[in-house]
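Here's a quick tour of how some helices pack in this one, plus a look at the space inside. Have the model open as you read.

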Amino acid sequence: MTAHHWWVSRYEEKLASTHDDILRLYRSRWELKPRVWVAVELLDAGMPSTFFRQFLTKAQQSEISRTFGITRGSFLVNWIKVLNHIHNVCAHHACPWNQPVTFRLQRIPTRMSPVLDPLHELTGTPKSRIYSVLYLCAFLLDSLRDNRDRTNKAYTLLFAFPNLPGPAINDIGAPENWRTHAIWEAQTKHTRRLDENGRV
């Protein structure tokens with residue numbers, strides 16, 4: 001079975017078993033295929049990843065990548081694959097905290113984006129841990145402009161990690177200077193102001 005046949009078969013299964021009222025209306029009353037903005041509600045995490053990787057041309061991948069300030073679509077192909085893997089790990093209640101990431105981020109060249117330079121600087125064990133993926137998520141969300149609150153929540157969770165014997169923030173691959181990394185910079189300044197005012 002080709003990737004295309006697998007994808008279409010998977011989609012048809014989703015459409016046939018959906019309990020969504022709008023999708024059922026499309027299926028039963030009009031016998032029409034749902035419009036794409038309706039159909040995407042059916043997709044599980046792996047289906048967009050496969051679609052992007054297998055069915056889009058390199059030019060199309062690069063065009064979408066430019067939404068995030070990246071000119072080469074091959075990087076976004078890799079990132080989506082990594083994010084899909086982490087999604088599956090978390091969905092099955094595995095613990096990615098101090099474990100190596102099976103699918104690793106493609107090496108990011110310097111000057112691709114100043115915000116991504118910290119990922120380029122990660123080497124050895126830190127490069128294979130979850131911090132690099134968390135940083136990438138923050139970068140992608142921040143690129144969409146309307147999702148800064150999620151980045152702030154991620155920073156707050158990392159910042160609040162207790163300094164106790166045993167598990168440490170470095171276990172996830174975060175270097176000692178992680179708070180100075182560009183994606184967290186605004187939140188770090190905000191936290192520093194709170195410290196100076198004695199409110200934390």
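## H5 against H6

In this predicted model, start with helix H5 (residues 58–65) and H6: their axes come within 7 Å and cross at roughly 80 degrees. An angle of 65 to 115 degrees counts as roughly perpendicular, so that's the label for H5 and H6.

Who touches whom here? On the H5 side you'll find Gln61, Ser62, Ile64 and Ser65, and they meet Gly73, Leu76 and Val77 of H6. Sorted by class, the H5–H6 contact has three nonpolar and four polar residues, with no charged ones.

## H4 against H6

H6 (residues 73–91) also packs with helix H4 (residues 46–55), and here the axes come within 10 Å and cross at roughly 160 degrees. Anything over 145 degrees counts as roughly antiparallel, so H4 and H6 get that description. The crossing of H4 past H6 is left-handed.

From H4, the contact takes in Gly46, Ser49, Phe52 and Arg53, while H6 supplies Gly73, Leu76, Val77, Ile80, Lys81 and Asn84. The mix in the H4–H6 contact is four nonpolar, four polar and two charged residues. If Gly73, Leu76 and Val77 look familiar, that's because those H6 residues meet H5 and also take part in the contact with H4.

## H8 against H9

Further along the chain, how do helix H8 (residues 130–143) and helix H9 (residues 148–159) sit relative to each other? Their axes come within 8 Å and cross at roughly 155 degrees, so H8 is roughly antiparallel to H9. H8 goes past H9 in a left-handed crossing.

H8 brings Tyr131, Leu134, Ala138, Leu141 and Asp142 to this contact, and H9 answers with Arg148, Arg150, Thr151, Ala154 and Leu158. That works out to six nonpolar residues, one polar and three charged for H8 with H9.

## The space inside

How many cavities of 30 Å³ or more does the structure hold? There's one, and about 90 Å³ of space lies in the largest cavity.

Its lining is made by Leu105, Gln106, Arg107, Ile108, Leu119, His120, Leu122, Lys127 and Ser132. By class, the lining of the largest cavity splits into four nonpolar, three polar and two charged residues. To find the spot in your viewer, try the run from Leu105 to Ile108, which is part of that lining. One lining residue, Ser132, falls within the span of H8, residues 130–143.

Methods:
Residues numbered from 1 in each chain as written. Predicted model: local features only at pLDDT ≥ 70, side-chain atom pairs only at ≥ 80, totals over all residues. Heavy atoms only, no water. Axes fitted to C-alpha atoms, helices over the stretch in contact; angles between N-to-C directions. Helix = DSSP H or I, 4+ residues; strand = E, 2+ residues; numbered from the N terminus. Parallel < 35°, antiparallel > 145°, perpendicular 65-115°, else oblique. Left-handed = near helix turned anticlockwise from the far one by under 90°. Contact = heavy atoms within 4.5 Å. Nonpolar A, V, L, I, M, F, W, Y, C, P; charged D, E, K, R; others polar. 1 Å grid on protein atoms, 1.4 Å probe; cavity = no way out; pocket = protein on both sides within 12 Å on 5 of 7 lines; lining within 4 Å. Points joined across faces, edges and corners; volume = space filled by probe spheres on them.
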